[in-house]
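Visitor: I am new to this structure, and I would like to learn how to read it. Could you take me through it step by step?

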Amino acid sequence: MSQLRSIQDEVSPIWLPRLAGNKGPRFLQIADALQAAVADGSLKPGDRLPPQRQLAAQLDVDLTTVTRAYDEARRRHLLEGRGARGTYVAAPKVELTAVLDLSMNTPPPPDGVDFGELLKQGLSQVLMRADNASLMTYHLGGGSDSDRKAGAAWLEPMFGILDPGQLVVCPGAQAAIAGLILALTEPGDVILAEPMTYPGLRAAATQFGRRLIAVEADQHGMLPELLERACRQHKPGLVYLNPTLQNPTTATMPERRRKELAAVAQRCNVRIVEDDPYWLLADAPPPPIATLAPEQVVYISTLSKCLTPGLRVAFVLVRDRQLRERFLAALRSFALMVAPLSAALATQWILDGSADALLAGVHKEARLRHRMARDILAGRYSGAGDGLHVWLELPAYWNSSQLARAADSEGIAVTPAEAFASGSGSVNAIRISLGSIQDRGRLQAGLQRLSHLLARRPEPFSAAVV
């Protein structure tokens, strides 16, 4: 074993240790030593490294080993080539344009859970127990028997024991909403929703040529008497509700209001699509509307909002067999199946308890982030203390679009109220999502920057459309 000695005026004499035959490939030993030297300051940005042939001779290794080491160091952004002048230690890579994203509702990293290890273990179990060929081929839509059983277990806190045959496994809630629109309505039909509602509903309704009409709501949700009037006037194909930690307002509909709306749906013989992504993240939520009018309500529960968006798995409870067949046929027209590997991983996690641990970690982290938002936003905070987002009503000197543009210019992304409006009216508010920034420190910085922006008045003419 030979030790690399000093190269006059080019490198530090101590940046490489002895190369050892029992410590892995030599090219990786060299790259690791380079990384350690950069980290401890022995090598600094701009230091010139020796030519590869010279280093190979001094280390008593072949040229290919040094070439691979330098390539690996470049991959790690440690080195940069400067043509004929040689190879130099690179300056640290800096994200100059990183945006603090407070616009996307995703679960935060789970507190107290090693997500990477959970993922490795889950995939390992799937690959060990499943026929690998079946994970990479076509499946019938609606999910396997195992997937539907996992869905029934996932929905047990809301419904108790369910018949897995009444469940449809979908590639996400958006696909489920689109499939239900196709199954329950015809072009030109009306869909009723609250004035502030999920933007994906509006996008799907517009794409399919359906008319979205808003029914007024109060702090408890859609008003039952106005729903009944709208049902008799418009003969809607469906009513869309998001009753728990509503997106975007964070309101949770009390049980009495849920019963009143279920009764209206039964009297008017209209289907309710209950999109309930946050029920498992809420503290003591009321029973789903689907428990109050089982034959009248289709229930959607997605894993994307309470576990991780990467699974793209949602469970849809459709008790009516004929509607279930129409729904499956609609789904097959644009989304044949859930990716089998995703479905298998979701099933594995639910059945072995990993999903419960992940959910608990997400819930704990979400509550920590709400406390942070409450402290930083002070009197402006209007969240529910759980869930993934805050609905922030703005001072009169800001309007929501204007504030969103001003925030964007300062590297912060938020969502203005206009994005959620299902009718012509809107409110002066923004939605702030608390999960999309992984690091708590960066989230704190984003909230503080937003708080400072809210405290000052907009620049003259900044409300103009450009």
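Guide: Gladly! Please keep in mind that this is a predicted model. Let us begin with contacts along the chain: among those with a separation of 6 or more, 72% join residues 24 or more positions apart.

Visitor: Thanks. How many helices and strands are there in the chain?

Guide: You will find 15 helices and 16 strands. The C-alpha trace spans about 90 × 65 × 40 Å along its principal axes.

Visitor: What share of the residues counts as buried?

Guide: The chain has 466 residues, and 51% of them count as buried. As for the surface, about 21500 Å² is exposed, with carbon and sulfur atoms supplying 52% of that area.

Visitor: Now for some detail. How should I read a pair of packed helices?

Guide: In general, two packed helices are described by the angle between their axes and by the distance between those axes. Here, take helix H1 (residues 26-40) and helix H3 (residues 63-75): the angle is about 45°, and the axes are 8 Å apart.

Visitor: Which word describes how H1 and H3 lie to each other?

Guide: They are oblique, because an angle of about 45° is neither under 35 degrees, over 145, nor within 65 to 115. The crossing of H1 past H3 is right-handed.

Visitor: Which residues of H1 and H3 meet?

Guide: From H1 come Arg26, Phe27, Leu28, Ile30, Ala31 and Leu34, and they meet Thr65, Arg68, Ala69, Glu72 and Ala73 of H3. Sorted by character, this contact has seven nonpolar residues, one polar and three charged.

Visitor: And what can I look for in the backbone?

Guide: One thing to look for is a cis peptide bond. Here the bond from Asn247 to Pro248 is cis, with omega near 20°. Pro248 sits in the loop between strand S9 (238-241) and helix H10 (255-268).

Visitor: Which loop holds Thr250?

Guide: Thr250 is also in the loop between S9 and H10. Its phi is near 70°, a positive value in a residue other than glycine.

Visitor: Is Thr250 buried or exposed?

Guide: Thr250 is buried, its relative accessible area being 7%. Now try Asp60, where phi is near 60°, again positive in a residue other than glycine. Asp60 belongs to the loop between helix H2 (52-59) and H3.

Visitor: Is Asp60 buried or exposed?

Guide: Asp60 is exposed, with a relative accessible area of 60%.

Methods:
Residues are numbered from 1 along each chain as its sequence is written. This is a predicted model: local features need pLDDT of at least 70, side-chain atom pairs count only at pLDDT 80 or more; totals for chains, interfaces and linings use all residues. Side-chain values use heavy atoms; hydrogens and water are left out. Axes are lines fitted to C-alpha atoms, for helices over the stretch in contact, and angles run from 0 to 180 degrees between N-to-C directions. Helices (H or I, at least four residues) and strands (E, at least two) are DSSP runs, numbered from the N terminus. A crossing is left-handed if the near helix is turned anticlockwise from the far one by less than a right angle, and right-handed if clockwise. Contact means heavy atoms within 4.5 Å. Ala, Val, Leu, Ile, Met, Phe, Trp, Tyr, Cys and Pro count as nonpolar, Asp, Glu, Lys and Arg as charged, and the others, Gly among them, as polar. Buried means under 20% relative accessible area, exposed over 50%, partly exposed in between (1.4 Å probe, protein chains only). Accessible areas come from the Shrake-Rupley method with a 1.4 Å probe; for residues, only the protein chains shown count as cover.
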